[in-house]
Each structure stands twice: as C-alpha cells, then as structure tokens.
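Me: Could you take a close look at one part of this protein for me, the place where its nonpolar side chains gather in the interior? I'd enjoy a connected walk through it.

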Amino acid sequence: MRTLLRLAPALVLAASGLAQIPPPTPPSTPSAEADPVLAALLAEALGKHPDLERADAAVRMDRERIPQAGVLPDPSLSLGLQNDGFKELMIGKMETSYYSVAFTQPFPWPGKRGLRKEAAALGVDVSQAARSRVQMSLEADVRRGYAALLLVRGQQQLLAQQAVFLEQSERLARTRYEVGQGNQGDLLRAQLELTRLKQAAWSLEAEERSVLAGLNRLRQHDPADPIPTTAALADLPEPAPLAPEEVEAASPELAGARASVRQTEKLVDLAKLDRRPDFAVTAGIMPRGSLEPMWQVGVSISLPIYGRHKQQRAVAEHEHHRRGQGAEVESVRTLLRQRTEERSIQIQTLRRTRDLYQAGLLVQSEATFKAVLSQYEAGRASFLGALEALNGWVGDQGAYLQTLAQLQAQHIALREAALGATVPINGGSLASASLSAGAAAAPSASPSTAKAPGKAQDSGPASMKM
C-alpha cells in the first residue's frame, strides 16, 4: 500500500503535465522568413533544383529566338562565267563573254518581320509561365514537406507523453495486483498498450525518415541528412485566404494560356500577310577583261498563286488554333475558380474546427481525463476507464494536429493556384485502436478510404489511425 501511495502522486503529476499543455494558438500571419528552418529549405530548393534550372534554360532559349525572328533572310552570292564558244576563253575578246558576281537580298512584305518578332516574344511569356509553375510547385512541395515533418514530430512528442502515463500506470497496476487490490487484466492491458506504443513509435520513425528523404531531394541533399526543427506545427504562418481574382492573377496556367492566345493572334495576322508577295533585290557586276565591265540591278517578286490551297489554309489553321486556345483559357479559369471556392470553404471549416478544439474539445477532454483519473485513484473507476480517458485525450490532440496540418495544406494549395485536387499533409499512426473512441472527427481534405476488417476507422482529418 505504501508503494501504491508513492506511485499515485507521480501518476497525478504525469497526467497533469499532459493535460496542462495548452494548445498553441495560431500565429498572426508572419512572413515565411519568420521560421529560419523553412526559409533555409526554400532558399536551398529554389537555388539549385534541376527542374528550375531546366525551366530557366527554356526561357533563355526562347529569348534567343526573338532577334532571330526580326532579321532579314540571308542574302545569296552568285558566281558565274559566260563565254562565247567552246574552243577558248573569250573574256576580253568578245563583248558577251564575262565573269559575273551577283548579290541578292530578299525582303519580306512590310510587317512580316515585326509580327514574327512579336510572336517570338510571346513565346517567351509562355515559357516564363511554365517556369513560374515549376517554381510555385517546388515551393509548395517544400512547405508541404516541412509541415509534414512538424506533424510527425508533433505526433512523436504526443506518443512520448502517452508513454509517460502508460509506464506509470503499468507500475501502478503491477503494484495493485501484487498486493491483491487489482486484477491481472489491468496489468496485461497496460503492457499491451506499451507494446502498441513501440509499434507506433517505429511507424512514426519510418514516416519521419520518409519525409526527410523527400525534403532532402527537393534541396538536393543526401536522403538521410538531418533537418533540426524547433518550431511546432501551430507556429507555421497562416496567411489570409486569397480572393479568386488574386488566385487568377497568380496562376501560371492561366497566364500561359492567355499568352498562347496572343501568340496565335500574331500568327493569324502573319498568315494573312503571307498572301502578300515577298521581294528580292539583286545587284551584280560582270568583268570582261580588257573591255569595260558590265553591271546589273534587278528586282524579283514572289507570286503566291497557290494561295487558295496554301496561304488561305494557313490562315484557317491558325484561326482554329486561336479558338481552341480561347476555349482553354475559359476552361482553366472556371476550374481555377472551382478549386479556389473549394479551398476557401475548407479553410473556413478547418478554422472553425481548430477553434472548436482549442476552446472546447481539448478543454473538455482534459477535464474528463482528470476526473476519471481522480476517480481511479479513489477506487471509484476502473483502470480501463482511466485508460480510455487518456486515449480520448491523446486522440483529440492527434486530430487537432491533423486539423492544423490540413489547414496548412489548403493554404499552400490556394497560393500554389493548383488546378488539381489539394494534396493532403499526412502524418504517421499513433498507438492503440481504442484512441479513436475519444477523438472528434475533423474535416478531411481528401475522400476517406475504406478500412480493412478489424482496423480502426480514421479519427483525424487526414487518415490518422488511432
């Protein structure tokens, strides 16, 4: 009994330490650079990632096409010999025998070179939009990976807190069983929960290593390189949601589609001008030896006599392309509006859920745990009741972490202006299937998946199995 009395205060302190951890309040929206670790990860990823280097090379390549498009066609140099008869060279003897050197410079119809140059410049806008998409997606991947790392490490801390109580409860159950005040079932259940903790710890360790490998790939490091963190998941900035017009202005796909429309319009105008003839100016000199040299100047003009089957078809081709590009702009715009609306709704719901956890669920879960623990110490509650109360509190804390993670996922996808579905930020698995009994379900960013028979259902917003 004395041993029991000595363990009881330690158990109360351990449980109180767990329950008194206040839920972190979201920051006021500081800049991303407020977290030095995140800022360093972004700087490394955006500084030397090969995908970004490839996109930069594509932009530079398209810029080199602009001066090429505005230059005149290459001139031609003609060398010739005209001679009277086949017996001997008659240059200088006969007036119609001479060498010839001629220079020919083609000149396109006025306006064609300018349109080609403008179309090439709009091609740069298209490649710059593609580069923006690479950069925005790379930044979003880093932010998602960092949030996932903080989520897994937060779950590891939660698991460590749960282990403190279970180790104390296992000793208490053993002592009660030895003095005849408890039953063997309580001791076996405590040992079972400790075994489950080991399994969950291994799972979280594997998840952490996987997340680290992904982040290290983005910053071009060895997969096993450590990334020390000091911030918690709730310390990440939560920016204000963007309006649909702001998302449209930031969308690389929409900018690229609009640039393609403008480029196609220039190509339509150029195809219409191709129905006009091009010119060529030729100047030449014919040395005749001892006789006076001759010279010539001429102008040639192309004859677009096949315009019905060539130039007119080219105009029709680019007109069809322009209509298709215009339809693509509208398709991208409406899909972007849909995604923006979906994410705005999710952000509002997740914020309300987060506030509910902070103001209600976590407080109530803590109070329930304390009350059941006190009853257990006084002998008015069973060991399983105290264990379920702890599991409920841990489950609510885990679901709260998942809510914060999915809130970050929605903000990241909104600022990424992604046309696809929002990529969730998932963590690992916590121990004990019974934990889900006390956890309130949080909104999920993705459809829930069916569980195999005998498996616990998801209690968090991103398939966190309790």
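**A close look at the nonpolar core**

Reply: Happy to! Let's start at Leu-215, which touches Leu-41, Val-142, Gly-145, Tyr-146, Leu-149 and Ile-227, leaving aside residues up to four places away in sequence. Keep in mind that this is a predicted model.

Leu-215 belongs to the largest nonpolar core, a set of 32 residues. Among those with the most contacts inside this core, Leu-215 is joined by Leu-41, Val-142, Tyr-146, Ile-227, Leu-233 and Ile-425. Two or more residues come from each of α2 (36-48), α4 (112-178), α5 (184-218), α8 (311-377) and α9 (383-416). Of these, α4 gives the most, with 9 residues. There is also a second, separate core of 21 residues, and Leu-159, Ala-163, Phe-165 and Trp-393 are included in it.

For context, the protein chain has 9 helices and 4 strands, and 42% of its 466 residues count as buried. Among contacts between residues at least 6 apart in sequence, 80% join residues at least 24 apart.

In soluble globular proteins, nonpolar side chains tend to be buried together. A contrast is found on the surface: Leu-77, Leu-79, Val-101, Phe-103, Ile-285, Trp-295 and Val-297 make a nonpolar patch of about 790 Å². Strands β1 (76-82), β2 (98-107) and β4 (291-301) each give two or more residues to this patch. Val-297, found in strand β4, counts as exposed because its relative accessible area is 59%, and the cut-off is over 50%.

Conventions. Residues are numbered from 1 along each chain as its sequence is written. This is a predicted model: local features need pLDDT of at least 70, side-chain atom pairs count only at pLDDT 80 or more; totals for chains, interfaces and linings use all residues. Side-chain values use heavy atoms; hydrogens and water are left out. A nonpolar core is a set of buried Ala, Val, Leu, Ile, Met, Phe, Trp, Tyr and Cys residues joined through side-chain atoms within 4.5 Å. Buried means under 20% relative accessible area, exposed over 50%, partly exposed in between (1.4 Å probe, protein chains only). Contact means heavy atoms within 4.5 Å. Patches are made of residues with over 30% relative accessible area and no salt bridge: like charges are joined within 9 Å, nonpolar side chains (Val, Leu, Ile, Met, Phe, Trp, Tyr) within 5 Å. Accessible areas come from the Shrake-Rupley method with a 1.4 Å probe; for residues, only the protein chains shown count as cover. A salt bridge is a side-chain nitrogen of Lys or Arg within 4 Å of a carboxyl oxygen of Asp or Glu.
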